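Dear colleague,

Please find below the structure that I am handing over to you, together with its sequence. My account of what was found in it follows directly after.

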Amino acid sequence: MINVILTILAPFFGGIVYGIERVVKARMQRRVGPPLMQPFYDFFKLMDKRPIMIHSLHALMGIMYFIAEWFALGVLLLGNDLLIAVFFHVIAVLSLVVGASSVRSPYSVLGALRELMHMISYEPLMVLMVVALYLVVGSFDIKDILSYDGYPILKLPFVFIAFLLTIPMMLQKSPFDVAEAHQEIIGGPEIEYSGPFYEALYTGKWIEYIYVFTFVFLFGGSHYWLGALLVIFAFLFVNLLDNSTARLDFRRMVKFAWGFLIPMAAFNVILLALFE
Amino acid sequence: MGFFSKFRKKSPWILHYNTGGCNGCDIEILSALAPRYDIERFGMLNRGNPKQADILLVTGPVTKNCKDVLRRLYLEMAEPKVVVAMGACAHGGGIFRNFYHVENGVNNIIPVDVWIPGCAPRVEALIDGMVEAIEIWQQKSKEKEYLRDHEKVIKTLGVEDDG
Amino acid sequence: MGVLVALNVVVPWIVALIIFLSKKDVVTNVLTFLMLPILIFTAYLAYIQPHPVLVETPKWLDLLITLYDFGLLGYFLYQGIVRKSGLIAILATIQILFLIIVLIMMPHSQTPNIYVDSVTLMFYLIVAIVGVPIAIFATKYMDYGEKGKHSFVAIVVWFLGVMNLAVSVNNIEWFFALFETTTLASYIMIGFRGDKEAINNSNLALWMNQIGGIAILIALMIFIKVNGVYHFSDLLKHPTIISMAALGFLSLSALVKGAQMPFHKWLLGAMVAPTPVSAILHSATMVKIAPYLILRISPIIKGTLLAKLLIIATGYVFVVAAVIALTQNNFKKILAYSTISLLGLMMLAAAVGTPIAVSASLILIIFHAFAKGFLFVEAGVLEKVFHTKYIEQMRRLIEKAPLTLMFIFFGFLNMTFVPFGTFIGKWMMIEEVSNFLQHGSYILLILYVGAGSAFLSILYMKVLGVSVRKAHGIEKISFVKLPKRFNFVSVWYYVWLLAITIFIAPFIADFIVPIAKSIAGEPEIYATGLTLHMYNSTLYFWQIFGALILLLLIHVLPYFVKFKADIVHPYNCGENFPRHMETWNFECLAKYEGYFVAFSIALFIMVVVLGGGLL
């Protein structure tokens, strides 16, 4: 039941998470920060803007991104196979990338290509993480993982660390916010969206928060308090990282993912497979 | 004034453009973002992107090179939008007035709603100006706004198609 | 059954002969069209017969094939001398010598020479459904200023018959003859245009494929020497005592035929030929012999070192070919690299050899055949109607060729995205292999599949991104009138792909599972309604359906949705000069190509030497 509610209200919860994040980030910088409901104020304000666009395809792809992202979350929470949910996320990336590269703006195209770089960095790791969870729990089913008696985190410490460092890539946080890079390419794929169309992307990103932190939650197994702790820890850690690091080149990001994170996760999987 | 318009004042997003000033005003704007003044308290963000911005914050006397750029940025912003001219230069040229290369202020290029005087204005003045801009902004509708001599100017602004 | 097999093989040959002799437009067009229902019907008739069946063949056929072998090799030798290519001549001579040795060594065997099982029948259906439309496409394609239309169509049709025979033979010596015939066919077709580049590339195809032929002959010698058998069905009867070295050589020939690195150049060379050649080589025939061969021997090599090394080598190709494809700018070359890459995945799945992996391999073969045929047909349309060969010419394709772009989009979606067969193959592979990760090669496999699919996705997204690029509004979409035959073929593939994808769960449960069962035992896959189950994982029908609708919307909707909103310029810092961003060719990766190929050679040698137990 709770997963149905979470799926249907995902934009709402995602918005709250984003609001909390903005407050937390501000406090980390010794600022007061915006009110908690700020994302929703932004949402309503954007609703009220005059719609402008480059062309219909571009605007449409933004909306499809939102729908695909929501659907991917639905598959993650309501379906029973994690692997399928991972691959569903690619559809969202597809519409984002096709939309972003359909305009001639250099920032947008550059952002789209960097988005692809993000994808090759985190996609194999996600697959590896799901397989690692399978090795521990013996099932790809999210329900089985959430009713597993042990502590998956204890058996998968390296996978967890690798995933923790992948979250900035998925959520576009520093040091791996290369696709969005607000000071450099002004938001990358999202630059040409405005008003109601930008809203679709804006909310799509909130849903991504829920999507990513659900995966973190799975590391707690049936111990929901542990899962919740891990989520809070991951949340704070990612924000701390975001606040305290500068942006890396996209090559460094890909090298880091392929040279460090993936071998680390694979090492964990090998150890696990050997001793099980 | 619908339901959504009530939330406008809670999330004004800013596009800041320097049209050739001395950067004094820009430093004040940056300090407004910093912890001491923290304008994100009011939901303000510096977006750097005209398509998602609501308030165009212009500093500088508008050099001849910047003229068309300023117009395009203005046109790329979605209505409702407000233009805030900040600093003495933006009010009519300031110390650059009647130089060969300036247009003597923002008002000659795009319609300005709020003026923030000072050289450079203090951050308090900036925030005060923003509050006033938000009030004006709330009165505005989604009607399309035009430049001065819109028909004539728009021809010079076209972006080339790559064919 | 014998009659049906003969029909499936001979009908294309007769049609080819008539087309070749009559050289009339009407005859060519009508016959190719007629062949579609006839071949599908005969293939279907064969499919509903009880199988597997061993078919006895008359004695003279044996003799004929042997004579044909020598004739063929003699022709290769002659071509080597005429074209002044020492390599071809030497390889042909070696083959003739080896063939003589094999014929001297060969004991008499009572086993029938034709073996028709469900894999064979699946290939009949693929050839009929996927292959024949390409011949139809070729009849129109060759009207666009190409010479020798009728002989070209005749060769294409003849080749379909050859493929049908190649997948139904049991005798490995016969298989060698047909293997070499497909080599001949590719040699003729690649060199069809007759210019310098075509001849060079056809020479390349010839000598590379001859290496495969030599490998088969060596395998044959070892089989006869060690085990005294030379039939596939005999090999499967005694899987434990079969010589590993021979199997190693057999898989080497599969790797060559499947254009795996470092032997991938010949398939790339095929793009100088008229596009139907690429379509037919990549989709239904030719390269599919490679996974077919591995599937045949997969019950024997399952779990051995050879299989593990094959997994490492082909998986490596799966990833690396996708990476190299990123650096290409020729549309056909991109498609060729993605074929190489996916062939790697098919062989990898076949080499794993568990029931589910075999099903995954079969699914990949079928879907890849459809999607690649489709994509190459569209590449031909782009080339002939819109004069577009390179990615940089593909800009604004959405305005110029909306329908073709839509089809290309759909073909690309079929290659990696969620509800389509290729995805299901990968999904099955990952889930299956997760069970036995104790061996390093299987962990590598998971990485391969994850990384390779990510690379392929970004490849397709990149190409799509370029072809929808446009500065201002997309208003002037002009639906160019395409020739009817082009539209027929495109819609044919489109509808098939769509239909199979919607009913993918029953399709897998009722069509693929029995085939996989005949090779490797019962896979634990079943369908309830439109929902697919595998072990305890489920692909719900709402997931299949939702993803399908999402993707259909993404690729069809742009032509119909018109938002009412103000049009503005793209953000360009307010400046007025066109800024181009052309960073799609991933230059930074191009410099690694040499290393990739060098490493693949090392893996290749490893497969033969270590896997075959030659040390």
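A residue is called buried here if 20 or more other C-beta atoms lie within 10 Å of its own. By that criterion, 44% of the 163 residues of chain B count as buried. Please bear in mind throughout that this is a predicted model.

**Chain B: overall form**

Chain B contains four helices and five strands. Along the sequence these elements follow the pattern β-α-β-β-α-β-β-α-α. Taken along the principal axes, the C-alpha atoms of chain B fill a box of roughly 40 × 35 × 30 Å. The radius of gyration of chain B is 16 Å, which agrees with the value near 15 Å that a compact globule of 163 residues would have. As for the contacts in chain B with a separation of 6 or more, 82% of them come from residues 24 or more positions apart.

**Chain B: the parallel strands**

Four of the strands of chain B can be followed through their pairings, beginning with strand S1 (residues 13-18) of chain B, which runs parallel to S3(B) and is joined to it by five bridges. Within this pairing, B:Tyr17 has B:Val58 of S3(B) as its bridge partner.

Strand S3 (residues 55-59) of chain B is in turn joined to S4(B) by five bridges, again with the two strands running parallel. Two of the residue pairs may serve as reference points: B:Ile55 stands opposite B:Val82 in S4(B), and the bridge partner of B:Leu57 in S4(B) is B:Val84. The connection between these two strands passes through helix H2 (residues 64-76) of chain B, and S3(B), H2 and S4(B) together make a right-handed β-α-β unit.

S4(B) also pairs with strand S5 (residues 114-116) of chain B, in the parallel sense and over three bridges. Here B:Val84 stands opposite B:Val114 in S5(B). B:Val84 is thus a residue of S4(B) that appears in the pairing with B:Leu57 as well as in the pairing with B:Val114.

Why can S3(B) be described as largely enclosed by the rest of the structure? Five of the five residues of S3(B) are buried, so the strand is largely enclosed. B:Ile55, B:Leu57 and B:Thr59 point one way from S3(B), B:Leu56 and B:Val58 point the other way, and all are buried.

Strand S4 (residues 82-86) of chain B is mostly covered, with five of its five residues buried. Both of its faces are covered: B:Val82, B:Val84 and B:Met86 are buried on one side, and B:Val83 and B:Ala85 are buried on the other.

**Chain C: a three-stranded sheet**

Chain C has an open sheet of three strands in the order S3-S4-S5, with antiparallel pairing. Its edge strands are strand S3 (525-528) and S5 of chain C, each of which pairs on one side only. From one strand to the next, the twist averages 25 degrees. Strand S4 (residues 531-534) of chain C runs antiparallel to S5(C) and is joined to it by three bridges. In that pairing, C:His533 stands opposite C:Thr538 in S5(C).

**Contacts with chain A**

The contact between chains C and A takes 58 residues from chain C and 61 residues from chain A. On the side of chain C that touches chain A, the elements giving two or more residues are helix H19 (421-433), helix H20 (440-467), strand S5 (537-539), helix H23 (541-556) and strand S6 (566-567) of chain C. H20(C) gives the most to this side, with 14 residues. By class, the side of chain C that touches chain A has 37 nonpolar, 14 polar and seven charged residues.

There is also strand pairing between these two chains: strand S1 (residues 52-53) of chain A and S6(C) pair in the parallel sense over two bridges. A:Met53 stands opposite C:Ile567 in S6(C).

Chain B touches chain A as well, in a contact that takes 19 residues from chain B and 27 residues from chain A. The side of chain B that touches chain A has four nonpolar, six polar and nine charged residues.

Yours sincerely

Note on methods
Residues numbered from 1 in each chain as written. Chains lettered and ligands numbered in written order. Predicted model: local features only at pLDDT ≥ 70, side-chain atom pairs only at ≥ 80, totals over all residues. Contact = placed C-beta atoms within 7 Å. Nonpolar A, V, L, I, M, F, W, Y, C, P; charged D, E, K, R; others polar. Pairing = 2+ DSSP bridges. Rg over C-alpha atoms; globule rule 2.2 N^0.38 Å. Buried ≥ 20, exposed ≤ 12 C-beta atoms within 10 Å, placed from the backbone. Axes fitted to C-alpha atoms, helices over the stretch in contact; angles between N-to-C directions. Right-handed = clockwise from strand over helix to strand, strands pointing away.
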